[in-house]
Amino acid sequence: MGRKALRTLVVSGALVAGVGLVGVSAASAMIPGNPGSSARGQSSASVNYAVTKAATVDGLRVRMGPGTGSLVLGQIYAGEPVQVISSTRVAGGQVWNRVMLQTDSAGGLPNGYVGWVTDEYLY
């Protein structure tokens with residue numbers, strides 16, 4: 001997928017999620033550059049747009065940011081697929097994934113919604 005198409009996908013997902021222009025700028029900043037280039041301001045989180053995972057439990061909370069202190073936006077249920085956008089490790093060592101829903105969630109979140117979930121409950 002080309003850089004322009006990927007940016008459009010991220011921006012569309014941010015708008016669907018209701019993030020607004022500030023979130024769109026932050027989401028756009030997470031687009032990886034060319035390997036070997038040293039672009040300033042790139043996210044240090046690992047990014048792999050090809051990884052699709054699914055929830056292992058019912059009621060997995062989708063949050064506004066990584067960590068249990070972040071606002072809960074909704075829930076996803078066992079077997080619902082998500083595309084991993086980026087990952088980060090928070091204090092204490094827990095890994096959180098920024099994900100985009102690949103289908104409408106039984107919890108009421110729409111296809112394309114973007115939020116954070118703990119990696120512990122994804123396979």
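What volume does the second largest pocket have? It comes to about 160 Å³. The model here is predicted, so to speak, on paper: local features need pLDDT of at least 70, side-chain atom pairs count only at pLDDT 80 or more, and totals for chains, interfaces and linings use all residues. Residues are numbered from 1 along each chain as its sequence is written, and side-chain values use heavy atoms, with hydrogens and water left out.

A pocket here is an open set of points on a 1 Å grid over the protein atoms alone, where a 1.4 Å probe fits, with protein on both sides within 12 Å along at least five of seven lines; lining residues have an atom within 4 Å of a point. Its volume is the space filled by probe spheres set on the points, which are joined across faces, edges and corners. Among the residues lining the second largest pocket are D58, R61, W96 and Y121. Strand β2 (residues 60–63) gives the most to this lining, with three residues; strands are DSSP runs of E, at least two residues long, numbered from the N terminus.

Next come the strand pairings, where a pair needs at least two DSSP bridges. Strand β4 (residues 81–89) runs antiparallel to β1 (residues 52–54) over three bridges, with T52 opposite Q83. Seven bridges join β4 to β5 (residues 95–101), also antiparallel, and here V84 faces V99. The two strands make a hairpin with five residues in between, and G92 in the turn has a positive phi of about 100 degrees.

On to β5: five bridges tie it to β6 (residues 114–118) in the antiparallel sense, and V99 has G115 as its partner there. Six of the seven residues of β5 are buried (under 20% relative accessible area, 1.4 Å probe, protein chains only), so β5 is largely enclosed by the rest of the structure.

How values were computed: Helix = DSSP H or I, 4+ residues; strand = E, 2+ residues; numbered from the N terminus. Buried < 20%, exposed > 50% of the residue type's maximum accessible area, 1.4 Å probe, protein only.
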